[in-house]
Amino acid sequence: MTARVALALAALHLLLCAALFDPKIHTGGDSVTYMLLAESLLRAGDGYSTQIAPGPPEVHTKYPPGYPALLAPMVAAFGRNFVALKLLSVLLTAASTALFVVYARSGRARASWLLLALAFAVCPGVIDYSRWMLSEAAFLLVTLLALWQLEQDRPEARLGPAFWMALLASVATFYVRSIGALLLAAASLAYLTRREWRKFLVHGVVGAGLTIPWIVRSRIHSGTTSSYFEEFLLANIYSPEAGRLDAWGMAGRFATNAWVYATRELPRALAGSDSTWATSLPVAIVAVLVALLALLGLVCALRRRPGAPEYYLTLSCASIFLFQTSVADVRYLVVLMPLVLLYAADGAAVAAKYAGAWRGWLEPRLPALVAGGLAVLSLGAHAARIPENLDMIAAYRAGDRYAGYHPAVASFFEAAEWVGENTPAGASVTVRKPRLFHALTGRRALIYPFSSDRGKVLDSVRQTDYVLVDALYQTTRMYLLPALMHDEDSFEVIYATDTDPANFVLRVGNAATPPAP
């Protein structure tokens with residue numbers, strides 16, 4: 001029966017993925033960076049690098065090579081066909097759905113299991129990240145594989161296949177995203193607290209040993225084991241001059257992020273990142289209740305005999321709550337949704353014990369009711385936004401490449417297209433989104449410094465031939481525009497988009513003038 005349920009829910013998941021698919025490129029820089037890194041892996045002797053900024057290739061140390069390695073065969077087969085490349089994410093989330101069905105089955109009543117599996121299969125947050133060329137789908141799958149195998153590795157068992165599969169899957173999570181190191185730590189903690197000394201030692205030594213190559217490489221080329229460490233300490237990555245946070249500041253950030261994720265990002269995971277339902281008060285209330293139930297279930301599990309899932313969820317939440325508030329996003333929750341759903345159901349079972357006269361009726365039923373309610377919420381949110389998404393797909397297929405984009409985003413793409421068609425192939429451009437811009441135009445691109453020191457900004461701009469002044473990002477208004485206006489005689493407007501709000505392309509100093517369009 002488990003296999004039939006897994007196939008049926010994977011099929012339902014694929015159907016919803018098709019209805020909510022987005023054929024356009026993601027506007028963030030991460031998506032195209034993974035593609036560029038996949039291309040780098042396909043070039044012999046390239047050394048896992050990018051050639052985005054002016055100058056020689058830059059060795060890449062931020063994103064581990066796991067997801068680009070998975071993407072590379074697709075890039076080899078389809079090139080920069082973003083629709084084809086996104087199919088990898090669709091397949092990975094469908095596989096995650098099937099695996100969740102298997103993982104969630106252990107120790108649960110049939111109704112609760114089926115409805116939890118349904119809630120995950122239709123989870124809007126997961127489906128949203130099936131349509132982007134990002135690492136969430138791959139990370140979700142290998143995390144679920146590791147957790148499932150850790151569950152299969154019974155305390156009394158020897159170092160058998162489940163142990164080694166769990167270890168290799170945990171290492172794979174690290175090579176997909178650096179935060180996967182928390183899963184390695186969680187598994188080691190579980191072995192330690194269960195006093196399984198041999199497994200603890202082997203897991204720790206082998207796990208650490210397999211991560212060392214990437215850590216050493218990053219240290220050699222960047223001077224740090226991970227660029228994320230510095231971002232944890234900064235008060236605001238978009239305002240480096242604000243300095244670093246002290247212990248009190250980190251405590252405040254933790255509380256702020258906990259509230260942001262419970263009231264803003266979890267609703268997006270439950271109803272859709274671009275759904276109007278996600279901003280409604282009823283969904284926010286549901287999200288807070290789910291967060292409280294998941295916390296209750298997690299605390300009870302930690303008080304009993306904690307294992308890798310409990311430690312992993314605790315460490316992961318601590319990490320995202322301590323990370324930059326300015327970049328808090330639903331994507332960090334998507335990979336935790338399997339555990340959020342499971343612990344919310346467990347928390348509901350605990351809460352039912354305090355229901356007084358209703359306890360006898362609620363205790364066996366409340367987990368299933370919670371899971372079923374979340375599934376209904378998800379399906380309702382999908383029904384509300386599928387018609388609009390299908391209209392967007394139809395407009396895109398009819399030739400509107402910017403269908404569904406915000407006008408400011410469409411204007412940015414219009415300016416990028418003009419630069420790609422009207423500037424020399426060797427030209428370089430100062431732009432807020434250099435990775436995205438480079439992938440779109442083939443031109444070298446450099447981001448301006450986030451600094452109120454106009455001289456520093458101008459020195460950076462003068463390293464390039466052109467400047468794209470966008471109407472999309474606040475940092476452009478804060479840092480770039482004041483510097484350009486301070487020395488406006490050194491820049492010439494050579495193009496303005498027709499799409500409102502306008503983006504402008506400026507020529508710097510003595511850069512070659514492009515031909516008239």
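Student: Is S428 buried or exposed?
Tutor: This is a predicted model, in which local features need pLDDT of at least 70, side-chain atom pairs count only at pLDDT 80 or more, and totals for chains, interfaces and linings use all residues. Residues are numbered from 1 along each chain as its sequence is written, and side-chain values use heavy atoms, with hydrogens and water left out. Buried means under 20% relative accessible area, exposed over 50%, partly exposed in between (1.4 Å probe, protein chains only). S428 has a relative accessible area of 7%, so S428 is buried.

Student: Which residues is S428 in contact with, leaving aside neighbours within four places in sequence?
Tutor: S428 lies in strand 3, residues 428-430. Strands (E, at least two residues) and helices (H or I, at least four) are DSSP runs, numbered from the N terminus. Contact means heavy atoms within 4.5 Å. With those neighbours set aside, the partners of S428 are P54, R444, Q463, T464, D465 and Y466.

Student: Where is the kink in helix 3?
Tutor: Helix 3 covers residues 66-78 and reaches 19 Å from its first C-alpha to its last, close to the 18 Å expected. That expected span is 1.5 Å times one less than the number of residues. A bend is the angle between axes fitted to the seven residues ending at a residue and the seven starting there. The kink is about 35°, shortly before the proline P73, at A72.

Student: Which helices help cover the buried residues of helix 3?
Tutor: The buried residues of helix 3 are G66, Y67, P68, L71, A72, M74 and V75. Their cover includes helix 2 (29-42), helix 4 (82-105), helix 7 (136-152) and helix 8 (161-176).

Student: How many aromatic pairs are there, and what kind is Y34 with Y67?
Tutor: Rings of Phe, Tyr and Trp (its six-membered ring) pair if their centres lie within 6.5 Å; planes under 30 degrees apart count as stacked, over 60 as edge-to-face, the rest as tilted. The count is 16 aromatic pairs. The ring centres of Y34 and Y67 are 5.0 Å apart with planes at 90°, so this pair is edge-to-face.

Student: Which parts does the Y34 and Y67 pair tie together?
Tutor: Y34 and Y67 are both buried. They are 33 residues apart in sequence, so the pair ties together separate parts: helix 2 and helix 3.

Student: What share of the 517 residues is buried?
Tutor: The protein has 22 helices and seven strands. Of its 517 residues, the buried share is 53%.
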